[in-house]
Amino acid sequence: MNSLTLYDTMARRKRVFEPIDPDRVTMYVCGPTVYSYAHIGNARPPVVFDVLRRALAHLYGDEHVVLAANITDIDDKIMAAARENGEGIEAVATRFAKIYREDLDALGVRAPTLEPKATDHIEPMIAMMQRLVDEGHAYAAEGHVLFSVASYERYGALSRRSLDDMIAGARVEVAPYKKDPQDFVLWKPSKDDEPGWDSPWGRGRPGWHLECSAMCETHLGETIDIHGGGIDLVFPHHENEIAQSTCAHGGKAMANYWIHNGFLNMGSDKMSKSLGNVALIHELKQAWSGEVLRCALLTAHYRAPLTWNADLLAKTRRSLDRIYGVLRRLGDVEAARTGVPAAFLEAVLDDINTPKALSELFALAGAANKAETDAEKAQAKGELLAAGALLGLGQGDPDEWFGLTALSAEERAEIDDLIVQRQAAREAKDWGKADEIRDRLNELKVQVDDGPEGSTWRKVTE
């Protein structure tokens with residue numbers, strides 16, 4: 001079996017992936033807090049971990065990979081949105097969770113195996129807190145339950161920060177009920193007009209960090225294979241998850257591999273709602289195919305920052321045109337049943353190196369375009385489709401991709417003939433004839449793009 005290597009944030013190096021149980025490979029990815037529309041930066045983790053999930057499925061079988069991605073449906077931001085809209089938190093969370101799922105579906109992200117909601121796991125959260133209190137890792141104070149950071153000597157191992165740095169970086173709340181400033185909240189009291197649940201420490205609601213620890217434990221177990229999320233979650237969220245879970249489980253590691261993706265930048269700044277420099281998925285997908293958005297997110301290595309702009313999207317669409325152009329030319333060819341080509345698979349299994357994998361994918365498209373015999377065409381098409389499936393690309397209908405499904409056979413034949421004539425004029429350096437044909441194509445609202453695999457065209461609707 002091919003080996004998968006992953007960069008483990010805890011170890012600060014790439015490690016060969018070895019699952020606890022090859023028959024049940026477990027992965028938990030921190031999901032959204034559903035109080036507003038998600039921006040494209042929020043989509044980078046789901047897309048990245050969707051590719052990792054596909055790679056794991058290739059190695060171990062899809063039925064043996066269990067991905068849990070939670071929904072945070074109780075949070076101060078959700079409560080604020082509910083007050084502003086004059087509705088309950090459940091209505092806000094349900095609406096935006098549905099929109100989030102639709103956005104990810106448009107980007108080709110498969111639904112997780114499990115999608116736990118925080119509000120369905122209050123009892124496991126209370127049980128975990130009780131264990132932490134009983135073991136001296138947490139304490140109650142003025143209706144709060146707080147984790148005692150001093151009780152866990154390895155606190156800071158993931159982020160590699162000193163306690164002083166962590167206190168300054170997290171802008172911790174200095175409150176009279178805290179024994180130490182770095183102690184963080186597991187449970188907080190709710191006012192009469194706020195959502196709350198009964199607990200041994202009074203009516204209240206959970207802290208964000210506790211939610212993920214309890215949901216992960218409930219559905220995947222005390223120690224899982226992979227825990228993932230954005231690099232911004234390393235501290236304090238994942239650091240706190242580790243502290244809670246490890247102490248609640250008698251010192252057992254929460255996860256054997258910690259995987260984090262880099263920021264998505266809009267200009268020189270991290271894309272974030274607080275900065276107001278966001279590109280919302282539900283708006284982007286009105287102008288761009290979800291597959292273009294997905295592929296654009298994969299153009300940089302997942303651990304590297306990625307700058308988001310219109311040029312990236314235009315370039316990405318032209319790249320995908322190459323794939324679909326070849327598949328359209330091979331439309332009458334039945335793809336051979338083939339495995340994923342070795343060079344492509346090697347790139348994916350090398351810490352999910354999607355830039356290299358995309359390069360290999362375009363090389364496969366070039367080879368498919370040059371195939372001559374029926375057998376060569378069938379083999380090349382099969383390899384191109386198999387490789388594309390591992391990235392979640394190139395699986396659509398080429399005619400639909402280029403906007404041709406509404407055209408009659410006669411209209412398509414006329415445009416194809418014009419494309420051939422234009423190519424012949426360009427090869428003969430008859431630029432006047434080529435421009436004349438281009439003008440005719442413009443009248444027909446046809447956009448022509450010239451690439452390494454020849455010219456592709458699409459019907460322009462706007």
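Helix H7 covers residues 234–248 of this predicted model, and its 15 residues reach 20 Å from the first C-alpha to the last, close to the 21 Å expected at 1.5 Å a residue. Because 14 of the 15 residues of H7 are buried, the helix is largely enclosed by the rest of the structure. Pro 236 has its place in helix H7, and the peptide bond that leads from Phe 235 to Pro 236 is cis, with omega near 5 degrees. Just after H7, Gly 250 takes a positive phi of about 65 degrees.

**The protein as a whole**

The secondary structure of the protein comes to 16 helices and 15 strands, and the C-alpha trace spans about 85 × 50 × 35 Å along its principal axes. Of the 462 residues, 52% count as buried, while the accessible surface comes to about 20800 Å², of which 48% belongs to carbon and sulfur atoms. Among the contacts between residues at least 6 apart in sequence, 75% join residues that are at least 24 apart.

**The parallel sheet and its helices**

One open sheet has 4 strands in the order E4-E3-E9-E10, with parallel pairing. Its edge strands are E4 and E10, the latter at residues 255–261, and each of these pairs on one side only. From one strand to the next the twist averages 20 degrees. Strand E3 (residues 25–29) is joined to strand E9 (residues 224–230) by 3 bridges, and the two run parallel; within this pair, Tyr 28 stands opposite His 227 in E9. Helix H1 (residues 40–60) packs on the sheet and touches E3, E4, E9 and E10, its direction making about 180 degrees with that of E3. Helix H6 (residues 208–220) lies across E3, E4 and E9, and runs at about 160 degrees to E3.

**Asn 70, beside strand E4**

What surrounds Asn 70, leaving aside its neighbours within four places in sequence? The residue lies in the loop between strand E4 (65–69) and helix H2 (76–85), and on that basis of separation it is in contact with Tyr 28, Val 29, Cys 30, Gly 31, Pro 32, Pro 116, Cys 212 and Met 215. Tyr 28 is thus a residue that stands opposite His 227 in E9 and is also in contact with Asn 70. The relative accessible area of Asn 70 is 2%, and because buried means under 20%, Asn 70 counts as buried. Its side chain reaches the backbone nitrogen of Gly 31 at 2.7 Å, and the side chain of Asn 70 also makes a polar contact with the side chain of Thr 72, at 3.2 Å.

**The antiparallel sheet**

A further open sheet of 4 strands has the order E5-E6-E7-E8, here with antiparallel pairing. Strand E5 (138–141) and strand E8 (204–206) form its edges, each pairing on one side only, and the twist averages 20 degrees from one strand to the next. E5 and E6 pair in the antiparallel sense over 4 bridges, whereas 3 bridges join strand E6 (residues 144–147) to strand E7 (residues 184–189), which also run antiparallel. Val 145 of E6 takes part in both pairings, for Ala 140 stands opposite Val 145, and in E7 the bridge partner of Val 145 is Trp 187. The hairpin of E5 and E6 has 2 residues between the strands, and there Glu 142 takes a positive phi near 50 degrees.

**Residues with positive phi**

Most residues other than glycine have a negative phi, and most peptide bonds are trans. Against that background, the following table sets out residues of this model that are not glycine and take a positive phi.

| Residue | Phi | Place |
|---|---|---|
| Glu 142 | near 50 degrees | hairpin of E5 and E6 |
| Asp 351 | near 55 degrees | loop between H11 (342–349) and H12 (354–370) |
| Lys 445 | about 60 degrees | loop between H16 (431–443) and E14 (446–451) |

Are Asp 351 and Lys 445 buried or partly exposed? At 1% relative accessibility Asp 351 counts as buried, whereas Lys 445, at 49% relative accessibility, counts as partly exposed.

How values were computed:
Residues numbered from 1 in each chain as written. Predicted model: local features only at pLDDT ≥ 70, side-chain atom pairs only at ≥ 80, totals over all residues. Heavy atoms only, no water. Pairing = 2+ DSSP bridges. Axes fitted to C-alpha atoms, helices over the stretch in contact; angles between N-to-C directions. Expected span 1.5 Å × (residues − 1). Buried < 20%, exposed > 50% of the residue type's maximum accessible area, 1.4 Å probe, protein only. Contact = heavy atoms within 4.5 Å. Areas by Shrake-Rupley, 256 points an atom, 1.4 Å probe, with all protein chains shown as cover. Polar contact = N/O pair within 3.5 Å; in protein donor to acceptor, adjacent residues only side chain to side chain.
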